[in-house]
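Welcome! Take a moment to look over the sequence and the fold below, and then we will walk through some of the details together.

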Amino acid sequence: VWACLRTVDSFGIQNVDLVVDSGKYTKKAAVAQKRGMRTAMGSARWVTLHSHPNVHDAVAELRKEGYKIYASDLNPNAVDIRDIEWKEGEKICVVMGNEDLGISDEMRELADETFTLPMVGFAESFNLSVATAITCAHLNAVKGASVIRNGDLDEHEKACLKLRWYLHSIAQ
C-alpha cells in the first residue's frame, strides 16, 4: 500500500480513498502509523487519505460526489484497460484490490466497470504496486481525455494543502 501511495503521489494524484480492515494491519503495515510511511519515502504525507469503514460506504460517498467507479479485477467480464473509452472531464475512482485476494465480491458488484491490465507472460497478475503504476501510467497517457488532471485544484484547496505540507515538513 505504501508503494502505491508513492506512485500516486508521483503522478500528482492528491486524493486516495482507503477501505482497510484495521485488524489485519498492525505495526509497520498500519495505515495510521508514520513508521510505515518510510516505505513510501514520505509520499504518504503529501497525499490526502480518506478512510472508509467499508466498501459500501466508500462507493456511496464517491457516487454522491459524482465519481464513476472502475475496479481492477481478473473476472472474465473485465475489459482490457486499453479498450475503455475515457470521457473528458469524467470524475473517476480507480479501485485496486488487495494483493492477495483482489477486490471483494461486493466491490465487483458495485463497480461501474471492471478492467484488466494486459499481460503476455505466464504470471497470473501483477503485484499491487506494479499494477497501480501501470494503471496510473496508462491513465496519464490516454489521448483525447485528461483522465489525470494535474493542476485542477482551486486557490483555496492549494493554500490548504500547502499549509498541511508545511506542517508535515517541520521536524518532529
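Leaving aside residues up to four places away in sequence, which residues does Asn 75 touch? They are Arg 108 and Thr 114. Keep in mind, as you look, that this is a predicted model.

Let us stay with Asn 75 for a while. You will find it in the loop between β3 and β4, the latter spanning residues 79-80. Asn 75 has a relative accessible area of 13%, and since buried means under 20%, this residue counts as buried. Its side chain has polar partners too. The side chain of Asp 73 is joined to that of Asn 75 by a polar contact of 2.6 Å. In addition, a polar atom of the Asn 75 side chain lies 2.9 Å from the backbone nitrogen of Ala 78.

Now step back to see the whole protein. It holds six strands and five helices. Starting at the N terminus, you meet these elements in the order α-β-β-α-β-β-β-α-β-α-α. Of the 172 residues in the protein, 33% are buried. If you take the contacts between residues at least 6 apart in sequence, 79% of them join residues at least 24 apart.

One helix makes a good next stop: α2, which covers residues 55-64. Its buried residues are Val 55, Ala 58, Val 59 and Leu 62. Looking down the axis of α2, you would see these buried residues fall within an arc of 90°, so they line one face of the helix. And what lies over them? The cover of the buried residues of α2 includes the strands β1 (15-19), β2 (48-52), β3 (68-72) and β5 (92-95), together with helix α3 (105-110).

The two ends of this helix deserve a glance as well. At the N-terminal end, Asn 54 acts as a cap for α2, with a side-chain oxygen 3.2 Å from the backbone nitrogen of His 56. After α2 comes Gly 66, which has a positive phi, near 90°.

Our last stop is the second largest pocket, with a volume of about 410 Å³. It is lined by 24 residues, and those closest to its centre are Ser 72, Leu 74, Gly 102, Ser 125 and Phe 126. At least two residues of this lining come from β6 (113-116), and at least two from α4 (128-141). Sorted by character, the lining of the second largest pocket has eleven nonpolar, eight polar and five charged residues.

Methods:
Residues numbered from 1 in each chain as written. Predicted model: local features only at pLDDT ≥ 70, side-chain atom pairs only at ≥ 80, totals over all residues. Heavy atoms only, no water. Buried < 20%, exposed > 50% of the residue type's maximum accessible area, 1.4 Å probe, protein only. Helix = DSSP H or I, 4+ residues; strand = E, 2+ residues; numbered from the N terminus. Arc of directions from axis to C-beta. Contact = heavy atoms within 4.5 Å. Polar contact = N/O pair within 3.5 Å; in protein donor to acceptor, adjacent residues only side chain to side chain. 1 Å grid on protein atoms, 1.4 Å probe; cavity = no way out; pocket = protein on both sides within 12 Å on 5 of 7 lines; lining within 4 Å. Points joined across faces, edges and corners; volume = space filled by probe spheres on them. Nonpolar A, V, L, I, M, F, W, Y, C, P; charged D, E, K, R; others polar.
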